[in-house]
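Please open the structure in a viewer and keep the sequence panel visible. The tour proceeds by selection, one stop after another.

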Amino acid sequence: MLDRPEVPVADEPKTWRDAWFDRDLSWLEFNRRVLQQALDERTPLLERVKFLAIFTSNLDEFFMKRLALLRTRKRAELSHSIGAPATELHLQSLRQAVDEMYAQQGEAYDNAILPELAENGIHLLQWEDLTDAQRTRAHEFFTRNVYPALTPLALDPGHPFPYMSNLSISLGFVLRVPDSEENLFARVKVPNILPQWIALEDEDKTKWHYLGLKDLIHHNAGTLFPGMTIVDSTSFRITRNAEVELDDDDDMESLRTVVAEELRQRKFQPVVRLEIESNPNPWVRGLLMRQFELAEDDVYELPSELDYSGLLPIAGLDIKALRDEPWNPVIPNTLLDDEADIFSVIKAGDMLVHHPFDSFDATVENFIRRAARDPKVVAIKMTVYRVGDDTPFVRSLIQAAESGKQVACLIELKARFDEERNLHWAKELEKIGAHVVYGVLGLKTHTKIALVVRKEADGLRCYAHIGTGNYHVKTARLYTDVGLFTCDPVICNDVVNLFHMLTGRSRSPNFDKLLVAPINMREKFLQMVQREIDNHQNGKPSLIVAKFNAMEDPELCRAIVEASQAGVQVELIVRGFACLRPGVAGVTENVRLRSIIGRFLEHSRIYYFANGAESPLDGEFYIGSADWMSRNLTKRVEAIVPVESRPLKERLWEILDICLKDRRQSWLMQPDGTYQMATASEDDPEIAKIGTHPALMALTLHRAKDRLA
């Protein structure tokens, strides 16, 4: 059994409902852990800059997706039905948490990161800091590259209030006609097509000097309003609601039209947040609040930058001493030979891949690329949720269709913030005659599966890939995901049945091994939790280890509580938000919940159930696309597959064991819903001290060296 450190427990709660934790506060706690990576001096300096940007991006998504929902829907209409409703007190708690993190972010940036950047020759300057020569160069850059792209928009009887796009930074100017006391408003958008930090060339190549684009526009604004007096200016940024509710239940033929309309309407959704510089011009502040119909609680005066995502090019500077050591994914041993036939490899035995440690290109991309070229392949089927730009997968599917293979691709058009890109690829595939479908009416298709049908000597044979991550080349280098390649006839038949359900009109498909949402997945998980309870009560070994991204499903939360109350040890590794608090007396005393945060985004979903076995390798392992959230189990098509090969089980247990031993990147959730960073002791093994990601990288390199020895 796994060792368990002492966890403080609360005295009061007695029922499982009292262990529930608010989803939105838990999500903000997750983003607080992300912010902590920027505050942590152990993080390389440019990686700290990157985490400032990630924190901002995460918070933007929270406001776009959740805030309007919380303010306008009743408790019964929320995505969860347990816990505190969206009362004013609840919203104030969210506001307080956000204010605290804004203050931490600004403090870290101004007083720690900026000075350290300067010490390392990277100077992010204000206009007042520039030398005369630098100001001359900046002004020349403004005249050539910025001035023509600007569009000053006035507000007066002849000029209506200008449209402002979501997440755009603007400068609001207070203008006056000479000899007049009347304030006039004009807005200038800071173009997001230009770098937000302008490099000022310097003869000293060991130093880098930058000026903020916003600051450059502000100090050259006189050229935008000739003949007017500029009284003041204030920078601000708006966030619009991203939730657009349109009726897409009429017929699937119109879904593309519905999604296109949703994208159009999203641009004009109400403003839910106004970020504005500290000590703003009060007249501009009031005007914006009235125009966007905002209350005081909707306005955030930021102590420093408005949008840290503009710093990503700075974070990407090629200064090795200030960044994480570069990581190059390793090609699995069985595929090292360029001529290796991936289908023969899979036929010889199931193959497990773990990205970004294992090469995505040599495995997943190779699987589809080889299938497109292989004359023995008769059909390729894939699901696409987020696929990215210039995707090799779509190019391979196009090549396959053009060569006469049957190609079926399910593209989820309603993948949030990827709708436009997915619409584009759907049209490209349709042009060359591929079968493009959009899934089951009323459900999002989130499963990550690919099927290749190959004509071989003994007939048709199916090969499948079932993964936890998207078929996305860029995120495959940043997210940790696992995937199973198999030609197991039972699993492959399940995958065939799943594609028939997705592309046809199968209403009650049968699955022998796959757990498929919304058909049998929740029921199967509940049965497996109950089996652990029964085994424990009968004196057999019992243990649940589950690793995923978010936990919110009330039924599974209740089942975990019942398991804990029965004495079953439960280890949860949840990167994001979790609505179940561990260590609550009489409720979740046997539950421990941790979050792993680091250089890679933890995205893999791995589930382990001891099933009465003494050895972990004799227990049951599952991987797949679903988190323990109501939306995944009820409103999405998901697939989870058992991993039955003992060597592959060994590798999955290795991943889980490293996560559970981590004392560097791990955060332990406390009974009150907050998190504490784990700390290593002298007695901890080295993998615990260095953290999950470095440990997995080291193991991968060690295996690579062993095979070359």
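The stops below begin with the whole chain and then turn to individual elements and residues.

**The whole chain**

Display the entire protein chain first, and bear in mind that this is a predicted model. Colouring by secondary structure brings out 19 helices and 27 strands. The chain has 709 residues, and buried residues make up 57% of them. If a surface is drawn, its accessible area comes to about 30300 Å². Carbon and sulfur atoms account for 49% of that area. Among contacts in the chain with a separation of 6 or more, 75% are between residues 24 or more positions apart.

**A sheet of three strands**

Next, select residues 122-125, which form β1, and residues 197-200, which form β5. Add residues 208-212, the strand β6. In which order do the strands of this open sheet lie? The order is β1-β6-β5, and the pairing is mixed. β1 and β5 are the edge strands, each pairing on one side only. From one strand to the next, the twist averages 30°.

Keep β5 and β6 in view. These two strands run antiparallel and are joined by four bridges. Within this pair, select alanine 199 and tyrosine 210, the latter in β6; the two residues stand opposite each other.

**Two helices on the sheet**

Now add residues 88-119, which make up helix α3. Helix α3 lies across β1 and β5, and it runs at about 130° to β1. Then add helix α4, residues 132-146. Helix α4 packs on the sheet and touches β1, β5 and β6. The direction of α4 makes about 125° with that of β5.

**Asparagine 281**

Move to asparagine 281, in the loop between β8 (271-277) and α7 (282-292). Is this asparagine 281 buried or exposed? Asparagine 281 counts as buried because its relative accessibility is 12%, where the cut-off is under 20%.

Show its side chain together with the backbone of the residues that follow. A polar atom of the asparagine 281 side chain lies 2.9 Å from the backbone nitrogen of tryptophan 283. The backbone nitrogen of valine 284 is 3.0 Å from a polar atom of that side chain. Leaving aside residues up to four places away in sequence, asparagine 281 touches Val174, Asp232 and Thr234.

**Two residues with positive phi**

From asparagine 281, follow the chain through α7 to glutamate 293, which is placed in the loop between α7 and β9 (299-302). Glutamate 293 is not a glycine, yet its phi is positive, at about 55°. With a relative accessible area of 72%, glutamate 293 is exposed.

Select aspartate 179 as well, in the loop between β3 (169-176) and β4 (184-189). The phi of aspartate 179 is near 70°, again a positive value in a residue other than glycine. Aspartate 179 counts as exposed, at 86% relative accessibility.

**Two cis peptide bonds**

Select histidine 355 and proline 356, which are joined by a cis peptide bond with omega of about 5°. Proline 356 belongs to the loop between β10 (351-355) and α10 (361-373). Then select alanine 517 and proline 518, where the peptide bond is also cis, with omega near 5°. The loop that holds proline 518 connects β18 (515-517) and α14 (521-537).

**Arginine 395**

Go to helix α11, residues 392-402, and select arginine 395 within it. Arginine 395 counts as partly exposed, at 44% relative accessibility. Add alanine 372 and draw a distance between the two C-alpha atoms: they are 9.4 Å apart in space, while the residues are 23 apart in sequence.

**The cysteines**

For the last stop, select cysteine 409 and cysteine 557. Cysteine 409 counts as buried at 1% relative accessibility, and cysteine 557 counts as buried at 0%.

Why does cysteine 557 form no bond with the closest cysteine sulfur? That sulfur belongs to cysteine 579 and is 6.4 Å away, which is too far for a bond, because a disulfide requires sulfur atoms within 2.5 Å. By this rule, the count of disulfides comes to zero.

How values were computed: Residues numbered from 1 in each chain as written. Predicted model: local features only at pLDDT ≥ 70, side-chain atom pairs only at ≥ 80, totals over all residues. Heavy atoms only, no water. Buried < 20%, exposed > 50% of the residue type's maximum accessible area, 1.4 Å probe, protein only. Polar contact = N/O pair within 3.5 Å; in protein donor to acceptor, adjacent residues only side chain to side chain. Contact = heavy atoms within 4.5 Å. Pairing = 2+ DSSP bridges. Axes fitted to C-alpha atoms, helices over the stretch in contact; angles between N-to-C directions. Areas by Shrake-Rupley, 256 points an atom, 1.4 Å probe, with all protein chains shown as cover.
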